[in-house]
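Please look over the structure below before reading on. The briefing then takes its topics one at a time.

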Amino acid sequence: MNVRRVESISAQLEEASSTGDTVEDEMEMATVRHRPEALELLEAQSKFTKKELQILYRGFKNECPSGVVNEETFKEIYSQFFPQGDSTTYAHFLFNAFDTDHNGSVSFEDFVMGLSILLRGTVQEKLNWAFNLYDINKDGYITKEEMLDIMKAIYDMMGKCTYPVLKEDTPRQHVETFFQKMDKNKDGVVTIDEFIESCQKDENIMRSMQLFENVI
């Protein structure tokens, strides 16, 4: 799912909301089976209305009839959006970012909460989410190697769409530049405060890291 996919989801929600079409309460029935308050909680915690949640659930159910996504299924779905490259590694990192409770699966609730931030969150919320993506081992810091792993995964995923053809060391060169700017105290790691401050102050970093175009 690249930025066009995100915009497509957003457009579908807006169209459905503006037309006033009714949507069956299938999601409410599905969530009530295992937790009666699930729909109400999702509506309260996310930035989506009940109607929008029902629309999202229909799409989720079509892709994932079981109601949850494991990593292999996630990779299969994601590869459909980037057939020109190898999205396996990036999908792995992305799966871990959506799997907030680290139980090896992404539920509809996990999906909605991540999508809520990425579609309608504040800049601060989006940057927090992006930091979590880059912090591969979830220790609260981004190392140069973690940043390089993500960057390589993005280049692999984009495949032949990258133009001009990139040299093999291009990801490392970009990471060296980003890391030097972000690691304010030169201690070899980037904290969330350093990450957010650097991104907010430098439009080039925001564009180059493609924080809002590649995180989902």
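The points that follow cover the model, its nonpolar core, one helix, the cysteines and the annotated spans.

This is a predicted model, in which local features need pLDDT of at least 70 and side-chain atom pairs count only at pLDDT 80 or more, while totals for chains, interfaces and linings use all residues. Residues are numbered from 1 along each chain as its sequence is written, and side-chain values use heavy atoms, with hydrogens and water left out.

**Nonpolar core**
- The largest nonpolar core (buried Ala, Val, Leu, Ile, Met, Phe, Trp, Tyr and Cys residues joined through side-chain atoms within 4.5 Å) has 50 residues, and Tyr90, Phe98 and Met147 are among those with the most contacts inside it.
- Helix H9 (residues 144–158) gives this core its largest share, 8 residues; helices are DSSP runs of H or I with at least four residues, numbered from the N terminus.
- At least three residues of this core come from each of domain 1 (50–120) and domain 2 (123–215), with bounds taken from an automatic or database domain assignment.

**Helix H8**
- Among the residues of H8 that are buried (under 20% relative accessible area, 1.4 Å probe, protein chains only) are Trp129, Phe131 and Leu133.

**Cysteines**
- A search of the whole structure finds 0 disulfides, a disulfide being a pair of cysteine sulfur atoms within 2.5 Å.
- Cys199 counts as buried because its relative accessibility is 1%, and Cys64 counts as buried because its value is 6%.

**Annotated spans**
- UniProt, in an unreviewed entry, lists "domain: EF-hand" for residues 86–121, 122–157 and 170–205, although such annotations may be inferred rather than shown by experiment.
- Residues 122–157 are 72% helix, and their end C-alpha atoms lie 27 Å apart.

Definitions and conventions: Helix = DSSP H or I, 4+ residues; strand = E, 2+ residues; numbered from the N terminus.
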